[in-house]
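User: I have a model open and would like to go through it with you, one question at a time. Could you help me read it?

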Amino acid sequence: MLLTLLHIAYSNATNDDLKIYKEINFKLRLMGRVAIVGVGRVGSFVAHYLRGRGYDLRLLDVSERVRDLAEKLGSEYRVVNALSINDLRTALSGVDLVVTAMPGSLGHEVVKNVVALGYNVIDVSFFPEDPGDIDELARKNKVLAILDCGIGPGFTNLLVGRAYEKLGGLTEYRIYIGGISEVYDPPFGVMLGFNPLDFIDEYRRPARYIENGEIRVVDPLSGPTGRVFIDGVGELEFFYTDGLRSLIKSFPNIRFAAEYTLRWPGHIEFMRGLKKLGLLDHNKLSGGVYADECLASAIASAAAKSDIRDITVLRIDACKDTNCLVYTQVVKPTSEWRAMERATGSFLSYITIEFLQGRVKMDYGVAYPERLAYLSDDILSMYEKDGMPISEKYIGR
């Protein structure tokens with residue numbers, strides 16, 4: 001763990017040593033070995049992306065599928081239970097950066113294990129637990145944990161931070177984000193590019209938003225809904241979801257802020273019906289299976305059998321009084337990757353590359369993408385280069 005040893009040396013360095021430290025640190029990051037923990041859809045995308053750009057990888061997963069991916073990419077691999085800190089200790093030996101791409105239900109414990117072992121980590125899981133214990137542990141072990149590095153939260157946070165810098169502050173912002181089918185395909189209208197239980201969590205995790213400067217909480221399927229027109233897509237409906245998290249603390253004194261999930265019209269009423277039937281609950285049914293797990297399996301199965309493509313749609317309206325920035329992005333799939341895998345995995349890959357190339361300059365502890373707004377020009381350029389451009393427009397009102 002050369003980077004960790006350098007961090008220790010840095011804490012004791014004299015002024016004359018700092019220049020040498022920075023030069024060595026930068027070179028090591030360029031050649032550092034990256035461990036990817038979890039090689040599901042998003043983790044596999046990141047592995048392909050980083051390996052295709054020459055980075056040295058070690059792939060970790062509890063499933064034997066990691067073997068096939070590693071052989072395809074010419075990378076090291078370990079079959080490992082990431083919930084076991086002892087298993088991780090052996091599997092991570094010699095790596096310089098860890099990227100975690102676990103389901104939200106497992107993310108907190110896995111990231112905490114990685115940090116406890118003294119590794120810098122970049123995470124995409126958006127776990128529901130408070131990360132305060134991870135922050136304390138990361139500061140103690142002098143490592144950095146960058147959390148919520150997906151598309152939303154993640155790229156959306158970076159864009160809110162970019163708007164804050166460009167407008168000289170914010171008074172309100174609205175985030176609209178959703179992965180949907182390219183055309184409405186009842187009853188769900190989604191083609192999953194991530195863990196189906198994380199998809200169900202969007203409908204049952206209490207959503208925080210800000211109104212008149214105060215934090216409020218609403219049940220996603222019981223709260224207000226609305227419709228918004230997205231250029232290149234059409235009219236979509238939206239409902240509150242809990243994607244603000246770190247933004248609430250990062251940008252205080254906001255009059256209004258909310259994150260909404262986008263779906264095709266009619267979808268919300270259908271999901272409300274499933275909720276009434278108890279199919280969103282983690283309750284046992286006859287046969288010992290759980291209702292939400294059965295529903296998740298059915299949604300994933302339907303998506304896998306469908307020949308309809310998916311798209312990922314993003315829009316952010318960020319304003320300081322009457323001056324606003326509007327960001328819009330529509331990501332389409334390729335022959336190999338779904339749109340959600342591209343959009344989410346690309347942002348996770350971009351932040352990883354920025355770290356490895358020495359451009360992430362942050363203190364030890366937990367950090368979030370909005371604090372990386374100074375890298376937004378780089379990130380937007382990479383999205384455009386990879387065929388996923390984003391529109392940025394100034395408007396007055």
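User: Happy to start small: is Lys-142 buried, exposed or partly exposed?
Analyst: Keep in mind that this is a predicted model. Lys-142 has a relative accessible area of 34%. Buried would need under 20% and exposed over 50%, so with its 34% Lys-142 is partly exposed.

User: Where does Lys-142 lie, and what is its phi?
Analyst: Lys-142 lies in the loop between α7 (132-141) and β6. Its phi is positive, in a residue other than glycine. The value for Lys-142 is near 55°.

User: Which loop holds Arg-245, and is Arg-245 buried or exposed?
Analyst: Arg-245 is found in the loop between β11 and α10 (246-250). Phi of Arg-245 is also a positive value in a residue other than glycine, near 35°. With 11% relative accessibility, under the 20% cut-off, Arg-245 counts as buried.

User: Over the face of which ring does Arg-245 lie?
Analyst: Arg-245 is placed 5.1 Å from the centre of the ring in question. Another arginine, Arg-205, lies over the face of Phe-126, at 4.5 Å from the ring centre. For Arg-245, the ring belongs to Phe-127.

User: How are the rings of Tyr-49 and Tyr-350 arranged?
Analyst: The structure holds 17 aromatic pairs. In this one, the ring centres of Tyr-49 and Tyr-350 are 5.8 Å apart and the planes stand at 70°. An angle over 60 degrees is the criterion here, so the pair of Tyr-49 and Tyr-350 is edge-to-face.

User: How many residues apart in sequence are the parts that this pair ties together?
Analyst: Tyr-49 lies in helix α3 (residues 41-52), while Tyr-350 lies in helix α13 (residues 339-356). Both Tyr-49 and Tyr-350 are buried. Because the two rings sit in these two helices, the pair ties together parts whose separation in sequence is 301 residues.

User: And how are the rings of Tyr-176 and Tyr-260 arranged?
Analyst: Tyr-176 is in strand β7 (residues 172-181) and Tyr-260 in strand β12 (residues 256-263), 84 residues apart, so to speak two distant parts of the chain. Tyr-176 and Tyr-260 are both buried. Their ring centres are 5.1 Å apart with the planes at 25°, so the pair is stacked.User: Which residues form one aromatic cluster?
Analyst: Tyr-49 and Tyr-350, the edge-to-face pair, both belong to the cluster. Its full membership is Phe-45, Tyr-49, Phe-155, Trp-337, Phe-347, Tyr-350 and Tyr-383.

User: What is the strand order in the open sheet of seven strands?
Analyst: The pairing in this sheet is parallel. Its edge strands, β3 (76-79) and β15 (365-367), each pair on one side only, and the twist averages 20° from one strand to the next. The order is β3-β2-β1-β4-β5-β6-β15.

User: Which residue stands opposite Asp-61 in β3?
Analyst: Strand β2 (residues 56-61) and β3 run parallel and are joined by four bridges. Opposite Asp-61, in β3, stands Val-79.

User: Is strand β11 largely enclosed or largely open?
Analyst: Strand β11 covers residues 234-241, and seven of its eight residues are buried. On that count, β11 is, because of this burial, largely enclosed by the rest of the structure.

User: How many residues lie between β10 and β11 in their hairpin?
Analyst: Strand β10 (residues 225-230) and β11 run antiparallel, with six bridges between them. One partnership is that of Thr-225 with Phe-239 in β11. In the turn, Gly-232 has a positive phi of about 85°, and the number of residues between the two strands is three.

User: Which residue in β12 stands opposite Thr-241?
Analyst: β11 pairs with β12 as well, in the antiparallel sense over five bridges. Opposite Thr-241, in β12, is Glu-259.

User: Which helix gives the most to the largest nonpolar core?
Analyst: The largest nonpolar core has 69 residues, and those with the most contacts inside it are Ile-36, Leu-59, Phe-155, Tyr-173 and Ile-379. Ten residues of this core come from the helix that gives the most, α13.

User: Is Gly-345 buried or exposed?
Analyst: Gly-345 lies in helix α13. Not counting residues up to four places away in sequence, Gly-345 touches Val-42, Phe-45, Val-46 and Met-340. Its relative accessible area is 0%, so Gly-345 is buried.

User: Last one: which peptide bond is cis, with omega near 0°?
Analyst: The proline of this bond is found in the loop between β6 (144-146) and α8 (155-167). The cis bond runs from Gly-152 to Pro-153.

Note on methods: Residues are numbered from 1 along each chain as its sequence is written. This is a predicted model: local features need pLDDT of at least 70, side-chain atom pairs count only at pLDDT 80 or more; totals for chains, interfaces and linings use all residues. Side-chain values use heavy atoms; hydrogens and water are left out. Rings of Phe, Tyr and Trp (its six-membered ring) pair if their centres lie within 6.5 Å; planes under 30 degrees apart count as stacked, over 60 as edge-to-face and the rest as tilted. Buried means under 20% relative accessible area, exposed over 50%, partly exposed in between (1.4 Å probe, protein chains only). A charge sits over a ring if NZ of Lys or CZ of Arg is within 6 Å of the ring centre and within 35 degrees of the ring normal. Two strands pair if DSSP finds at least two bridges between them. Axes are lines fitted to C-alpha atoms, for helices over the stretch in contact, and angles run from 0 to 180 degrees between N-to-C directions. A nonpolar core is a set of buried Ala, Val, Leu, Ile, Met, Phe, Trp, Tyr and Cys residues joined through side-chain atoms within 4.5 Å. Contact means heavy atoms within 4.5 Å.
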